[in-house]
Amino acid sequence: MAPLVSGLAADATPLERALIDLARRAHDAPALLTPADLDPVRAVAGDDALDYLLVLCAFHFITRIADLLAVPPEVLPPALRRVEVVRRLGVWMTSLLLRRMDLANRPDRASFDDARSRVEALLGHPVGQSLEPLRIRPKVVESIALALEERDRASSLDRATLARVQRTVEAALPRSAEDANGFQARPADPVEGFAFVGTRYAQRTTSEAIATLRRAGYDDLGILDLAIAVADANQWARMFRLTGLPPSLFVLA
Amino acid sequence: MPHIATVPPAQATGETADVYGELRRMSGSGLVAQVVQVFSLRASSMRRMIRSWELAMWVGGAPRMNRELVAAAVARLEHCHY
């Protein structure tokens, strides 16, 4: 993985190079993404480009949840991974766990029309042609419906807080590698600070940041919902830019 | 330890226990990933996480190895500890 990400893997396929390049752009400067950034993947993989887009966005969600909430690693704590022998043992143990999983591909059981209707029901209005770029992969529309259900039916946060999280994520979205990896002043407000760090470098989230949220009145469920809101806003920020969908499908006014 | 409370599979009851069962059926193994357990304070959110994971990594025709490549690249670039 390291040679691939660093661009030093001599035997990488054109698709692997295109996927890594897309992942790097989506990390370093997501604010500048456009649908053209997906073209190199589409040129090699055709319609599968939307499968990879969904993986990319889903993992911008999952990695943020993991880092914002300090989810324990499945096998080895990070400190032990620095010992090469132990790290290799961990990889072997992980492979044993994965071997028990069914990793075969499955058909997309949702139809585009059904998935679009689900989105329209959640939004309370028709979406016209705006989801057409996803017609060939209804599962991406279903993923949008799942995020809307989470936002509108499950979250304990009020609309004003959800909108504030989304605005903070949009404003913090990196425009350069320096934004994504450097050191910048973060907002003093606990919710906005949580969203800012969760957007630029979620792995720097501290126990003190969580304690600050608790002092501001957020309990465990509230903190979970803040993390979900930050993670969803981050995956959506990349999805709408790479597909050309209207931001208003998910962004609150 | 995660920053928030969770309901481990052995202590889950009702809908939460049902969703853990759905996860086992979805993945075809007894493994209950920690990143799924962290949603366990609310069963509907845990169900959403499981379905999102399935849509991204299982559903469709793209080769699994390439999907794992994208997932691993995102995690590495983000310096995700998990």
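Let's start at the loop between α4 (49–68) and α5 (78–81) of chain A, where Ala70(A) lies. This is a predicted model, so keep that in mind throughout. Ala70(A) is not a glycine, yet its phi is positive, about 55°. In general, most residues other than glycine have a negative phi. How exposed is Ala70(A)? It has 18 C-beta neighbours inside 10 Å, so it counts as partly exposed.

Chain B has a case to set beside that one. His79(B) is not a glycine either, and its phi is positive at about 55°. His79(B) sits in the segment after α4 of chain B. With 15 C-beta neighbours inside 10 Å, His79(B) is partly exposed.

One more positive phi, back in chain A. Gly244(A) comes just after α13(A) and has a phi of about 80°. This one is a glycine.

Now chain A as a whole. It has 13 helices and zero strands. Read from the N terminus, every element in the run is an α. The C-alpha atoms fill a box of roughly 55 × 50 × 40 Å along the principal axes. What radius of gyration would a compact globule of 253 residues have? Near 18 Å; chain A has 19 Å, which agrees. Of the 253 residues in chain A, 39% are buried. Now the contacts between residues at least 6 apart in sequence: in chain A, 69% of them join residues at least 24 apart.

Two helices of chain A to look at. Take α13 of chain A, residues 220–243. Its 24 residues reach 34 Å from first C-alpha to last, close to the 34 Å expected at 1.5 Å a residue. How much of α13(A) is buried? The helix is mostly covered, with 20 of its 24 residues buried.

Then α2 of chain A, residues 14–28. That helix has 15 residues and reaches 21 Å, close to the 21 Å expected at 1.5 Å a residue. Its buried residues include Leu15(A), Leu19(A), Leu22(A) and Ala26(A). His27(A) is also on that buried list.

Next, two single residues in chain A. Arg116(A) is in helix α7, residues 112–123. Is Arg116(A) buried or exposed? Buried, because 24 other C-beta atoms lie within 10 Å. Which residues does Arg116(A) contact, leaving aside neighbours within four places in sequence? Val127(A), Leu131(A) and Val141(A). Glu142(A) is 26 residues from Arg116(A) along the chain, and their C-alpha atoms are separated by 7.8 Å.

Asp158(A) is the other residue. It is found in the loop between α8 (138–154) and α9 (159–172) of chain A. Asp158(A) has 9 C-beta neighbours inside 10 Å, so it counts as exposed. From Asp158(A) to Ala110(A) is 48 residues along the chain, and 30 Å between C-alpha atoms.

Over to chain B. Four helices, zero strands. The order from the N terminus is α-α-α-α. Along its principal axes, the C-alpha trace spans about 35 × 30 × 20 Å. Buried residues account for 55% of the 82 in chain B. Contacts again, between residues at least 6 apart in sequence: in chain B, 58% join residues at least 24 apart.

Inside chain B, look at α1, residues 14–27, against α3(B). The two pack at an angle of about 10°, with axes 9 Å apart. An angle under 35 degrees counts as roughly parallel, so α1(B) is roughly parallel to α3(B). Who meets whom? On the α1(B) side, the residues include Glu15(B), Val19(B), Leu23(B) and Met26(B). On the α3(B) side, they include Ala43(B), Met46(B), Ile50(B) and Glu54(B). By class, this contact has six nonpolar, one polar and four charged residues.

Last, the two chains together. How many residues of each chain are in contact? On chain B, 45 residues; on chain A, 55. Three helices of chain B, α2 (34–37), α3 (43–57) and α4 (64–77), each supply at least two residues of the side that touches chain A. The largest share of that side comes from α4(B), with 12 residues. By class, the side of chain B that touches chain A has 25 nonpolar, 13 polar and seven charged residues.

Key. Residues numbered from 1 in each chain as written. Chains lettered and ligands numbered in written order. Predicted model: local features only at pLDDT ≥ 70, side-chain atom pairs only at ≥ 80, totals over all residues. Buried ≥ 20, exposed ≤ 12 C-beta atoms within 10 Å, placed from the backbone. Contact = placed C-beta atoms within 7 Å. Nonpolar A, V, L, I, M, F, W, Y, C, P; charged D, E, K, R; others polar. Expected span 1.5 Å × (residues − 1). Rg over C-alpha atoms; globule rule 2.2 N^0.38 Å. Axes fitted to C-alpha atoms, helices over the stretch in contact; angles between N-to-C directions. Parallel < 35°, antiparallel > 145°, perpendicular 65-115°, else oblique.
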